[in-house]
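Me: I would like to learn how to read a protein model step by step. Could you take me through one, giving the general idea before the particular case?

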Amino acid sequence: MPTGKDNKSLGLLALAGLTPYQEKDGEEYMNDAQLEHFRKILCAWRDQLRQEVDRTVHHMQDEAANFPDPVDRAAQEEEFSLELRTRDRERKLIKKIEKTLKRIDDDDFGFCDACGIEVGVRRLEARPTADLCIDCKTMAEIKEKQLQG
């Protein structure tokens, strides 16, 4: 598995070293094998995000310098600000991943929170933290746009 910035360009399945889950005929939805498949994806994603957070902390400590030129100082502060904003989003995503792992442990993973139908293996492979089926998510986005506009 590659390290460093290359991980960002990889899909979650490749990041976890997995291939798409192949469902078998008559297989029960969200059985132990499927739950383990998604647990591996989520854990690999969480670990990759944690490495990025650690890398940022070390980078900011190493790069912290007192530039006499205000332009250099402003450029460094802007760079740090962008990195901190990105890491803040990643921390929120780590919390969402932790919440999803808890749902797997509680046998409440893979079903729509709004209507209760199966979210679907392919949708969950693309977005493992999804808690709405595609129809409910589409309706939620339409309602959100109507409220904003």
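**Reading the cysteine site**

Reply: Let us begin with location, keeping in mind that this is a predicted model: C112 is found in the loop between helix 3 (70-105) and helix 4 (121-126), while C133 sits in the loop between helix 4 and helix 5 (134-148).

Me: Which residues does UniProt list for "binding site"?

Reply: A record can point to residues that are worth finding in the model. The unreviewed UniProt entry lists C112, C115, C133 and C136 under "binding site", and although these residues are spread over 25 residues of sequence, they cluster in space, with a largest C-alpha distance of 8.1 Å. The entry also places the feature "domain: Zinc finger DksA/TraR C4-type" at residues 108-138, a stretch that is 35% helix and 0% strand, with its end C-alpha atoms 22 Å apart.

Me: Is C112 buried or exposed, and which residues does C112 contact?

Reply: Burial is read from relative accessible area, where a value under 20% counts as buried. C112, at 5%, is buried, and so is C133, at 4%, as is C136, at 18%. Setting aside neighbours within four places in sequence, C112 is in contact with I117, V119, D131, L132, C133 and C136, whereas C133, with residues up to four places away likewise not counted, touches C112, C115, I117, E118, V119 and R123.

Me: How many disulfides does the count come to, and why is there no bond from the sulfur of C112 to the closest cysteine sulfur?

Reply: A pair of cysteine sulfur atoms has to lie within 2.5 Å to be counted as a disulfide, and by this rule the count comes to 0. The sulfur of C112 is 3.7 Å from the closest cysteine sulfur, which belongs to C136, and this is too far for a bond; the sulfur of C136, in turn, has its closest cysteine sulfur in C133, at 3.5 Å, again too far for a bond.

**Reading the core and the charged pairs**

Me: Which residues have the most contacts inside the largest nonpolar core?

Reply: To read a core, look for buried nonpolar residues joined through their side chains. The largest nonpolar core has 25 residues, and those with the most contacts inside it are M30, F38, I104, F109 and L124. Helix 2 (32-63) gives the most to this core, with 6 residues. Leaving out neighbours within four places in sequence, F38 is in contact with M30, I104, F109, V121, L124 and E125.

Me: What does R87 form with E52, and what does the pair tie together?

Reply: Side chains of opposite charge can pair when their charged atoms come close. R87 forms a salt bridge with E52, the closest N and O atoms being 3.5 Å apart; R87 lies in helix 3 and E52 in helix 2, so the pair ties together parts that are 35 residues apart in sequence. Both partners are buried, R87 with a relative accessible area of 5% and E52 with 1%.

Me: Where do E90 and R87 lie?

Reply: E90 and R87 both lie in helix 3, 3 residues apart, about one turn of the helix, and they form a salt bridge with closest N and O atoms 2.7 Å apart. In helix 4, E125 and R122 are also 3 residues apart, and their side chains meet in a salt bridge at 2.8 Å, N to O; E125 is buried at 7% relative accessibility, whereas R122 is partly exposed at 42%.

Methods: Residues numbered from 1 in each chain as written. Predicted model: local features only at pLDDT ≥ 70, side-chain atom pairs only at ≥ 80, totals over all residues. Heavy atoms only, no water. UniProt positions renumbered as here; feature names shortened; annotations may be inferred. Helix = DSSP H or I, 4+ residues; strand = E, 2+ residues; numbered from the N terminus. Buried < 20%, exposed > 50% of the residue type's maximum accessible area, 1.4 Å probe, protein only. Contact = heavy atoms within 4.5 Å. Core = buried A, V, L, I, M, F, W, Y, C linked by side-chain atoms within 4.5 Å. Salt bridge = Lys/Arg side-chain N within 4 Å of Asp/Glu carboxyl O.
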